[in-house]
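Dear colleague,

I am handing over the structure we spoke about, so that you can open it beside this message and follow along. Please look at it first, and then read on for what was found in it.

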Amino acid sequence: MKTCIAVQDAPLNATAPQQWLRDEGVSGAIVLFSGHVRDEDGRVEALHLEHYPGMTERFLGTIVERAGQRWHLNGAWVVHRVGTMRQGDEIVQVAVSAEHRQAAFEACAYIMDILKTRAPFWKKELIDGSWHWVEARERDALAAAAWLAGEPGHEPR
Amino acid sequence: MIQVRFFAALRERSGKECLEMALPDGVATVAELIGWLEQSDQTLAAAFAATPCRMVAVNEMLASEEASLEDGDVVALFPPVTGG
């Protein structure tokens, strides 16, 4: 399985994951999740993302490795943006390629669900001229827990 | 020496990014370290109280507050993550 993992300040290239994963027919399926800054009904003027350099990249590598053990994947791409963004900007790309769609759909959802609840990123929103930390959501924790309940070993650290 | 790093709301509330300190006597776990920091620094105690739900990493690996500590460890304390 080839992998590409990065954390960057620069805007994400929307077409890069597909181009990088294309493998002339070895994979019959490429699934891409592309996350964007929501404006929350026009309230959010900007979003700032902080992370734990070093741990973040290592942890994203661990999640991808776990996904590769669980599903037969040919490639995995995880690129996350940090710094200050505007509504509509792309924050994260998770893309996987596999022979068949089921593995690709599930592995993409798995990587995203674990990333959201375990990878060391924190969001702040600019609302009415002041910054507020975003609270973690219970439903994200439940989604990750559902995947990890089926994992034989320890959860990704 | 150990390093204690703070991120996001916990960094802002404590006004500290990183502490370098000798592992205090009688401190063998992350929970005991947090207790020791609360005793020794009022600002940190207030920051922990304002951030009751926390995550922990030891040497860049997610851990629990029960994790044991030794000299040279890098402990990171932060609020629940919100990436993606």
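Of the 37 residues that line the largest pocket, the ones nearest its centre are A:Lys116, A:Asp140, B:Val81, B:Thr82 and B:Gly83. Please keep in mind throughout that this is a predicted model.

The pockets

The largest pocket has a volume of about 740 Å³, and several elements from both chains contribute to its wall. In chain A, β2 (29-36), β3 (44-51), α3 (101-118), β7 (121-127) and α4 (138-149) each supply at least two residues of the lining, and in chain B the same holds for β3 (55-58) and β4 (61-63). Which of these elements gives the most to the lining of the largest pocket? It is α3(A), with 4 residues. When the lining residues of the largest pocket are sorted by character, 17 are nonpolar, 7 are polar and 13 are charged.

The second largest pocket holds about 230 Å³ of space. Its lining is made of 15 residues, and A:Glu135, B:Arg13, B:Thr51, B:Pro79 and B:Pro80 are those that lie nearest the centre. Helix α1 (residues 8-14) of chain B provides the largest share of this lining, namely 3 residues, and the lining as a whole divides into 11 nonpolar, 2 polar and 2 charged residues.

Two helices of chain B

In chain B, helix α2 (residues 30-40) packs against helix α3 (residues 42-50) at an angle of about 125°, and their axes are 5 Å apart. How are the two helices set relative to each other? Angles from 65 to 115 degrees count as roughly perpendicular and those over 145 as roughly antiparallel, and α2(B) and α3(B) are therefore oblique to each other. On the side of α2(B) the contact is made by B:Ile34, B:Leu37, B:Glu38 and B:Ser40, while α3(B) brings B:Gln42, B:Leu44, B:Ala45 and B:Phe48. The residues of this contact comprise 5 nonpolar, 2 polar and 1 charged.

Three buried residues

Is A:Thr56, a residue of helix α2 (residues 55-70) of chain A, buried or exposed? Its relative accessibility is 0%, and A:Thr56 therefore counts as buried. If residues up to four places away in sequence are set aside, A:Thr56 touches A:Val7, A:His51, A:Pro120 and A:Phe121.

A:Val37 sits in the loop between β2 and β3 of chain A, and with a relative accessible area of 6% A:Val37 is buried. Apart from neighbours within four places in sequence, A:Val37 is in contact with A:Leu47, A:Met85, A:Arg86, A:Gln87, A:Gly88, A:Asp89 and A:Ile91. As for distance, A:Val37 and A:Thr62 are 25 residues apart in sequence, and their C-alpha atoms are 25 Å apart in space.

In chain B, the loop between β2 (18-21) and α2 is where you will find B:Thr29. The relative accessible area of B:Thr29 is 17%, and because buried means under 20%, B:Thr29 is buried. Not counting residues up to four places away in sequence, B:Thr29 touches B:Glu65, B:Glu66, B:Ala67, B:Ser68 and B:Leu69.

A residue that touches both chains

A:Arg157 belongs to the segment after α4 of chain A, and with a relative accessible area of 39% A:Arg157 is partly exposed. Which residues does A:Arg157 touch, not counting those up to four places away in sequence? In chain A they are A:Arg58, A:Phe59 and A:Thr62, and in chain B they are B:Glu60, B:Met61, B:Leu62 and B:Ala63. The C-alpha atom of A:Arg157 is separated by 28 Å from that of A:Pro11, which is 146 residues apart from A:Arg157 along the chain.

Two backbone angles to look at

Most residues other than glycine have a negative phi. Against that background, A:Asp41 has a phi near 60°, which is a positive value in a residue other than glycine. A:Asp41 is placed in the loop between β2 and β3 of chain A, and at 80% relative accessibility A:Asp41 counts as exposed. B:Asn59, too, has a positive phi, near 55°. B:Asn59 lies in the loop between β3 and β4 of chain B, and at 39% relative accessibility B:Asn59 counts as partly exposed.

With best wishes

Key: Residues numbered from 1 in each chain as written. Chains lettered and ligands numbered in written order. Predicted model: local features only at pLDDT ≥ 70, side-chain atom pairs only at ≥ 80, totals over all residues. Heavy atoms only, no water. Axes fitted to C-alpha atoms, helices over the stretch in contact; angles between N-to-C directions. Parallel < 35°, antiparallel > 145°, perpendicular 65-115°, else oblique. Contact = heavy atoms within 4.5 Å. Nonpolar A, V, L, I, M, F, W, Y, C, P; charged D, E, K, R; others polar. 1 Å grid on protein atoms, 1.4 Å probe; cavity = no way out; pocket = protein on both sides within 12 Å on 5 of 7 lines; lining within 4 Å. Points joined across faces, edges and corners; volume = space filled by probe spheres on them. Buried < 20%, exposed > 50% of the residue type's maximum accessible area, 1.4 Å probe, protein only.
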